[in-house]
Amino acid sequence: MRELELSDGAVTLSPLRPEDAAAHLAGEDEALVRWLSGGPSTPEGVAAYFR
């Protein structure tokens, strides 16, 4: 996949990559688990989803 970033100088958006899994997991809370995923995520599972 080619690298792509969009920026306005203040905010930069880029596609999620497997190495972003830890940051993504840091935002997972009880409500997210209950309503969206049904169980706690793992770093491996998140990385696989991003791939």
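In this predicted model, Glu 19 and Arg 17 form a salt bridge, with their closest N and O atoms 3.0 Å apart. The two partners differ in their surroundings: Glu 19 is exposed, at 58% relative accessibility, whereas Arg 17 is partly exposed, with a relative accessible area of 24%. Arg 17 also forms a salt bridge with Asp 20, and here the closest N and O atoms are 3.9 Å apart.

A further salt bridge links Arg 34 to Glu 30, the closest N and O atoms being 4.0 Å apart. Both residues belong to helix α2, which spans residues 30–37, and they are 4 residues apart, or about one turn of the helix. Glu 30 counts as exposed, with a relative accessibility of 65%. Through shared partners, salt bridges join Arg 17, Glu 19 and Asp 20 into one network. A search of the whole structure brings the count of salt bridges to 3.

Attention now turns from charged side chains to nonpolar ones. In soluble globular proteins, nonpolar side chains tend to be buried together. In the present model, the largest nonpolar core is made up of 5 residues, namely Ala 21, Leu 25, Val 46, Ala 47 and Phe 50. Two elements, α1 (21–26) and α3 (43–50), each give two or more residues to this core. Of the elements involved, α3 gives the most, with 3 residues.

Val 46 offers a helpful view of the contacts made by one core member. Leaving aside residues up to four places away in sequence, Val 46 touches Ala 21, His 24, Leu 25 and Ser 41. Among these contacts, Ala 21 and Leu 25 are themselves members of the largest nonpolar core.

Phe 50, another residue of that core, also takes part in an aromatic pair. The search for such pairs gives a count of 1. In this pair, Tyr 49 and Phe 50 are tilted with respect to each other, with 6.3 Å from centre to centre and 55° between the planes. Which of the two partners is buried and which is exposed? Phe 50 counts as buried, at 13% relative accessibility, while Tyr 49 is exposed, with a relative accessible area of 71%. Because buried means under 20% relative accessible area, the 13% of Phe 50 places this residue in the buried class. Tyr 49, at 71%, falls in the exposed class because its value is over 50%.

Technical notes. Residues are numbered from 1 along each chain as its sequence is written. This is a predicted model: local features need pLDDT of at least 70, side-chain atom pairs count only at pLDDT 80 or more; totals for chains, interfaces and linings use all residues. Side-chain values use heavy atoms; hydrogens and water are left out. A nonpolar core is a set of buried Ala, Val, Leu, Ile, Met, Phe, Trp, Tyr and Cys residues joined through side-chain atoms within 4.5 Å. Buried means under 20% relative accessible area, exposed over 50%, partly exposed in between (1.4 Å probe, protein chains only). Contact means heavy atoms within 4.5 Å. Rings of Phe, Tyr and Trp (its six-membered ring) pair if their centres lie within 6.5 Å; planes under 30 degrees apart count as stacked, over 60 as edge-to-face and the rest as tilted. A salt bridge is a side-chain nitrogen of Lys or Arg within 4 Å of a carboxyl oxygen of Asp or Glu.
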